[in-house]
Amino acid sequence: MTGKSTADAMPTGTTSGTPQVLLGHHLKQLKLPTVLREYDKVARECARDGVDHPRYLLRLVELELIDRERRVVERRIRQARFPAVKSLDTFDFPAIASLNKMLVLELARCEFILRRENVIALGNSGTGKTHVALALGLAACQKGLPVAFTTAAALVHQLMEARDERRLLKLQRDLQAVKLLIIDELGYVPLSPTGAELLFEVFSQRYERGSTIVTSNLPFEDWTSVLGSERLTGALLDRLTHHVHILTMNGDSYRLRQSVGRRRLPASPAAAEQNHADTETVDPDTGEIIDA
């Protein structure tokens with residue numbers, strides 16, 4: 001009795017059809033899009049450089065891993081719902097002298113998230129509090145940590161809407177699940193008693209279970225004007241500040257300074273020449289130019 005032929009021993013689908021078509025199909029099934037996109041180019045490069053098969057495969061696998069990590073970060077950023085993607089590379093630290101730059105850079109390592117610590121950025125409007133919060137959120141996404149961004153007013157609205165629609169528990173579980181929750185602009189809009197209580201529950205449920213970043217234009221002693229209750233404010237601050245890093249960010253408005261700077265920018269040579277031409281007058285008798 002003769003044994004099976006080599007073709008019979010091969011998996012179904014590997015002995016018929018165009019190899020490139022079958023390879024493309026299998027790589028899609030295995031969810032290896034980077035290998036699918038790069039294998040032919042890398043093969044030519046390896047053949048040119050005399051690279052052996054194991055190193056060829058190693059290059060492809062490394063490209064797939066790098067691309068997969070990039071896609072994970074991009075997905076985390078989308079899920080975080082940042083209003084803009086900001087990094088610390090573009091933050092003007094010298095403009096905010098009160099800010100501890102070394103502390104911010106240390107926080108960007110995201111170890112505070114693993115320790116379930118909080119960050120509070122306090123300062124007047126326009127000093128870059130949201131920028132720093134977004135940059136720390138981006139750093140967390142780059143480390144593969146789930147992040148959520150919201151303003152205090154939007155979060156309270158979301159909580160009250162979920163309560164009315166009987167899905168509050170699910171929303172609270174979702175908020176509790178993220179490793180880093182960023183709550184921006186606490187203090188800009190006074191909250192109703194119900195809204196303040198729902199916000200307090202979020203902080204309470206995350207206490208020592210997840211990290212929270214809060215930005216506010218108000219010092220702690222003025223938080224009662226937003227939350228409406230000294231008892232509630234005290235209980236919230238007790239939980240929020242137990243394990244906390246405080247960033248003091250007082251100074252001139254960052255946005256206002258940029259706006260003034262743009263208005264004071266000198267005109268380009270072409271524009272200056274045009275402006276000068278616009279003010280020139282020609283004497284109809286002599287043909288000479290008379291400056292206005």
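Let's start with a count: this structure holds 15 salt bridges. Keep in mind that you're looking at a predicted model. As background, side chains of opposite charge can pair when their charged atoms come close.

A good place to begin is Asp 67, whose side chain meets that of Arg 37 in a salt bridge, at 3.4 Å from N to O. Find the two on the model: Asp 67 sits in helix H4 (residues 53-80), while Arg 37 belongs to helix H3 (residues 33-49), so this pair ties together parts that are 30 residues apart in sequence.

Asp 67 has another partner too. Its side chain also forms a salt bridge with Arg 71, this time at 3.0 Å, N to O. Here you don't have to leave the helix: Asp 67 and Arg 71 are four residues apart in H4, so about one helical turn separates them.

How do these residues stand with respect to the surface, buried or exposed? Asp 67 has a relative accessible area of 9%, and because buried means under 20%, it counts as buried. Arg 71, at 25% relative accessibility, is partly exposed.

Now zoom out a little. Which residues join Asp 67 in a network of salt bridges? They are Arg 37, Arg 70, Arg 71 and Glu 74. So the two pairs you just traced, Asp 67 with Arg 37 and Asp 67 with Arg 71, both belong to this linked group.

Further along the chain, there's another salt bridge to look at. The side chains of Arg 167 and Glu 161 meet at 3.6 Å, N to O. Arg 167 is partly exposed, at 34% relative accessibility, and Glu 161 is partly exposed as well, with a relative accessible area of 34%.

Let's turn from side chains to strands. Strands of a sheet pair through backbone hydrogen bonds, either parallel or antiparallel. Which kind of pairing does the sheet here have? It is parallel: five strands make up an open sheet, and walking across it you meet them in the order E2-E3-E4-E1-E5. At the edges are strand E2 (147-151) and strand E5 (244-248), each of which pairs on one side only. On average, neighbouring strands in this sheet are turned by 15° against each other, ignoring direction.

For a closer look, pick out strand E1 (residues 118-122) and strand E4 (residues 211-216). Four bridges join them in the parallel sense. If you'd like a single spot to check, go to Ala 121: its bridge partner in E4 is Thr 215.

Methods:
Residues numbered from 1 in each chain as written. Predicted model: local features only at pLDDT ≥ 70, side-chain atom pairs only at ≥ 80, totals over all residues. Heavy atoms only, no water. Pairing = 2+ DSSP bridges. Axes fitted to C-alpha atoms, helices over the stretch in contact; angles between N-to-C directions. Salt bridge = Lys/Arg side-chain N within 4 Å of Asp/Glu carboxyl O. Buried < 20%, exposed > 50% of the residue type's maximum accessible area, 1.4 Å probe, protein only.
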